[in-house]
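Here's a quick tour for anyone meeting this protein for the first time. Have a look around before reading on.

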Amino acid sequence: MSTVQQDKNGPRAEANGFLYSRCPVAPTLTGIATQLGWLDEEASNETSLDILIQQQQGEHLPQDPAPHRERYWLRNSGNLKAIWARSEGTQSKVIALSATRSPNQLLALPSSGIRTVADLKGKRLAIVSHKNALIDAGRASSLRTYEVALASAGLTLDDVELVEVGVDKPYGDFKSSSGRDANALWTLRRVGQRELIAPIIRGQADAMSVRGSFATELGTIFGAHVVYDLTDSTDPEQVASDSSPFTLVASQALIDEKPELLNRLLVRLLKTSNWANKHQDDAIKLLADDLGLIPETVRVAFGSDVIPGLSLNLDEPNIRGLKAHKDFLLRHGFLKNDVDIEEWIDPAPLQRALETIAKEG
C-alpha cells in the first residue's frame with residue numbers, strides 16, 4: 001500500500017486511489033474505527049491501491065469538477081452534501097444510515113427577551129451564508145432549523161425577518177490527511193464559532209441557528225438560551241437535517257469492482273459498533289480525540305446514548321428522514337435536480353456484511 005499525499009488543492013488525482021473519510025465535526029463510527037486502526041488494517045491489504053485517509057469537511061470534494069477524483073471511495077458523514085453530490089450526478093449509493101443525535105439549535109441571548117418559539121414572531125433571525133460555496137451548508141442548516149421550529153408554534157418563515165450575514169470562505173473548507181490535524185481542527189472551531197456568534201453579539205439579529213457541538217459550546221460561553229432544538233422532536237422527518245440521518249456512502253465503482261474490500265470494511269465497521277457498545281466510555285474518548293473535543297462535551301452535545309446511535313442500519317425511520325431532508329433541499333433550491341432516495345439506497349452490501357459476521361459466529 002502507498003499513501004496518497006495531500007497538497008494545497010486536496011488529494012492528487014489517482015485513477016487507482018481509494019479514499020475513506022468522515023466528517024471532522026460530527027461523531028461517526030468510521031471515526032472510532034479509524035482511531036482504532038481497524039480500517040487501516042483492511043485497506044492495507046489492497047496493495048494495488050493508493051490509500052488516502054481523510055477527516056474532511058469538504059465532503060465529496062465538491063470543489064472538483066467531479067465530486068471525487070478517486071475512483072473508489074467510502075464516506076461517513078452528514079447527509080446534506082451527499083445528497084447534493086448525488087443530485088449533481090455522482091455515481092454513488094447509500095449503503096447504511098445512522099441516527100446519532102446532532103444538535104440543530106435556535107439560540108438567543110438572555111437580553112433578547114426571546115424564551116419560546118412564539119416569541120420569534122417579527123424577530124430577526126441570522127443566516128450565516130457562505131456565498132462562495134457550491135452548496136451553502138450553513139444557510140441550508142439555518143433555514144431547516146427555522147422552518148421546523150416556527151412550524152411548531154404555527155408560524156412560518158414569512159413571520160420573521162431573515163438576516164443574511166455573508167462570509168467569503170466557508171469554515172467547512174477543512175481537510176486533514178492521515179486522520180486528524182489538531183491545528184486545523186482548532187482553526188476550524190475558532191473561525192466557525194466566531195462567524196456564528198457575531199450576528200447576535202453585534203446586534204445584527206435577535207436569534208441564530210447553530211449546529212453540532214458548536215451549539216453546546218456557544219451556549220455555555222455566552223449563556224445563550226436554547227429556544228428550540230430539532231432533536232427535541234421524536235418525528236424522524238422533523239429531526240432530519242444536514243447531519244442526521246448520517247450517511248455511509250460508497251462509490252458505485254467500489255461496490256461493483258471492489259466488493260471484497262467493501263465487505264471487509266463494512267464488517268470492520270459493524271464490529272466497531274459492537275465493540276463500542278460494550279466499551280462506551282472508551283469509545284466516547286476515541287470520538288473526543290477524533291473531533292478535537294473533551295469526552296464531556298461529546299456527551300453533552302451528542303447525548304449520553306451517542307454510541308448506540310452510531311449503529312449502521314437502513315431502518316425505515318432513517319430512510320423517511322433522508323427523504324424529508326432531500327425534499328426540503330429541493331423545495332428551497334439547494335438542489336438543481338431531484339434525487340430518488342429509494343433508488344439511491346443499496347441494501348446488498350450491508351446485508352452481505354451482516355451475513356459474513358453471522359457465518360463467523
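The expected span of a helix is 1.5 Å times one less than its number of residues. Keep that in mind for helix H10, and remember that this is a predicted model.

Helix H10 covers residues 280–291, and at 1.5 Å a residue its 12 residues should span 16 Å. The C-alpha atoms at its two ends are 16 Å apart, so the expectation and the model agree. Quite a few of its residues are tucked away: Ala-283, Ile-284, Leu-286, Leu-287, Ala-288, Asp-290 and Leu-291 are the buried ones. Right after H10 comes Gly-292, with a positive phi near 70°.

Now for the empty space. The second largest pocket holds about 240 Å³. Helices H7 (236–239), H12 (306–309) and H13 (316–331) are the elements that each give two or more residues to its lining. H13 gives the most, with 3 residues. The lining has 17 residues in total, and Ala-99, Thr-100, Val-239, Ser-244 and Asn-318 lie nearest the pocket's centre. Sorted by class, the lining of the second largest pocket looks like this:

| Class | Lining residues |
|---|---|
| Nonpolar | 8 residues |
| Polar | 7 residues |
| Charged | 2 residues |

Stepping back, the protein chain has 15 helices and 14 strands. Of its 361 residues, 61% are buried. What about contacts between residues at least 6 apart in sequence? Among these, 79% join residues at least 24 apart. As for the outside, the chain's accessible surface comes to about 14,400 Å², and carbon and sulfur atoms account for 48% of that.

Conventions:
Residues numbered from 1 in each chain as written. Predicted model: local features only at pLDDT ≥ 70, side-chain atom pairs only at ≥ 80, totals over all residues. Heavy atoms only, no water. Helix = DSSP H or I, 4+ residues; strand = E, 2+ residues; numbered from the N terminus. Buried < 20%, exposed > 50% of the residue type's maximum accessible area, 1.4 Å probe, protein only. 1 Å grid on protein atoms, 1.4 Å probe; cavity = no way out; pocket = protein on both sides within 12 Å on 5 of 7 lines; lining within 4 Å. Points joined across faces, edges and corners; volume = space filled by probe spheres on them. Nonpolar A, V, L, I, M, F, W, Y, C, P; charged D, E, K, R; others polar. Contact = heavy atoms within 4.5 Å. Areas by Shrake-Rupley, 256 points an atom, 1.4 Å probe, with all protein chains shown as cover.
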